[in-house]
Amino acid sequence: LLQKELRARLDECLGDLAPTPHRAVLLREVGGMSTSKTAGILGVTEQNLYVILHRARLALRSCLESSYTAEGL
């Protein structure tokens, strides 16, 4: 049950991301696509992709932490 709740919250947090970070996370982290291919699809440099992913991870972490703090978990 906890994993289903976590997955649902993760999906909500992903939905809160702007389109480019959202796609970057899905392609690179979920889909396992290479950095170079992901950067090419998004039309950014690899270095920029690293920044986008870093910021997206921070946003996801913050979103997940706030939801668990708010729910008292």
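**A disulfide and a helix pair**

Colleague: Which residues form a disulfide?
Modeller: A disulfide here is a pair of cysteine sulfur atoms within 2.5 Å. One pair has its sulfur atoms 2.0 Å apart. The residues are C13 and C63.

Colleague: What pLDDT do local features need in this model?
Modeller: Residues are numbered from 1 along each chain as its sequence is written, and side-chain values use heavy atoms, with hydrogens and water left out. The model is predicted: totals for chains, interfaces and linings use all residues, side-chain atom pairs count only at pLDDT 80 or more, and local features need pLDDT of at least 70.

Colleague: Is the disulfide left-handed or right-handed?
Modeller: The torsion about the S-S bond of C13 and C63 is about -80°. That value makes the disulfide left-handed.

Colleague: How many residues apart are C13 and C63, the pair that links distant parts of the chain?
Modeller: C13 sits in helix 1 (residues 2–16) and C63 in helix 4 (residues 46–71). Helices are DSSP runs of H or I, at least four residues, numbered from the N terminus. The two cysteines are separated in the chain by 50 residues.

Colleague: Are helix 2 and helix 3 roughly parallel or antiparallel?
Modeller: Helix 2 (residues 19–30) and helix 3 pack with axes 10 Å apart, at an angle of about 150°. Axes are lines fitted to C-alpha atoms over the stretch in contact, and angles run from 0 to 180 degrees between N-to-C directions. Under 35 degrees is roughly parallel, 65 to 115 roughly perpendicular, over 145 roughly antiparallel, and the rest oblique. So helix 2 and helix 3 are roughly antiparallel.

Colleague: Which helix 3 residues meet helix 2?
Modeller: Contact means heavy atoms within 4.5 Å. The helix 2 side supplies T20, R23, A24, L27 and R28. On the helix 3 side are T35, T38, I41 and L42.

Colleague: Is T35 buried or exposed?
Modeller: T35 lies in helix 3 (residues 35–42). Its relative accessible area is 10%. The cut-offs are under 20% for buried, over 50% for exposed and partly exposed in between, with a 1.4 Å probe on protein chains only. T35 is therefore buried.

Colleague: Which side chain makes a polar contact with the side chain of T35?
Modeller: A polar contact is a pair of N or O atoms within 3.5 Å; within protein, one must be able to donate a hydrogen and the other to accept it, and residues adjacent in sequence count only if both atoms are side-chain atoms. Not counting residues up to four places away in sequence, T35 touches R28, E46, L49 and Y50. The polar contact spans 3.1 Å, and the partner is R28.
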